Amino acid sequence: MKYCFGDIVVVEDKYIGVIVKSWTSYKNGIVYEVYVRSYNSIIEYKESDIQRYMVRHKYLNEEELEYQENAINGW
């Protein structure tokens with residue numbers, strides 16, 4: 001398997017998701033359940049339909065920093 005639980009991935013060429021489950025299907029090969037925040041749901045994707053999220057920022061932007069601080073402080 002190429003991805004594991006918690007990996008951040010790109011689906012449908014533009015949506016960020018997180019791997020929440022994986023298994024092997026006789027019909028489709030390796031299948032992953034991905035939580036896609038834009039859809040607020042878990043969607044199944046074949047391994048060939050997923051890309052690894054490669055962007056890593058050096059610093060959090062203002063919105064990300066606010067979110068991080070709220071998450072640490074319990075909202």
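**Notebook: Y45, the sheet and the core**

I started at Y45: beyond its neighbours within four places in sequence, Y45 is in contact (heavy atoms within 4.5 Å) with V11, E12, I30, V31, Y32, V34, V36, Y39 and I50.

Note to self: this is a predicted model, where local features need pLDDT of at least 70, side-chain atom pairs count only at pLDDT 80 or more, and totals for chains, interfaces and linings use all residues. Residues are numbered from 1 along each chain as its sequence is written, and side-chain values use heavy atoms, with hydrogens and water left out.

Next I looked up the sheet. Five strands (DSSP runs of E, at least two residues, numbered from the N terminus) form an open sheet in the order 4-3-2-1-5, with antiparallel pairing; a pair needs at least two DSSP bridges. Strand 4 (41-46) and strand 5 (50-52) are at the edges with a single partner strand each, so one side of each has no neighbour in the sheet.

Then I went pair by pair. Strands 3 and 4 are joined by six bridges, and V34 sits opposite I43 in strand 4. Strands 1 and 2 share four bridges, with V9 partnered by G17. Those two strands make a hairpin with three residues between them, and E12 in the turn has a positive phi of about 55 degrees. Strands 1 and 5 pair over three bridges, where V10 faces Q51.

Last, I checked the core. Which residues make up the largest nonpolar core? I found ten: Y3, V9, V11, Y15, I19, Y32, V34, V36, Y45 and I50. Such a core is a set of buried (under 20% relative accessible area, 1.4 Å probe, protein chains only) Ala, Val, Leu, Ile, Met, Phe, Trp, Tyr and Cys residues joined through side-chain atoms within 4.5 Å. Strand 3 gives the most to this core, three residues.

Methods:
Buried < 20%, exposed > 50% of the residue type's maximum accessible area, 1.4 Å probe, protein only.
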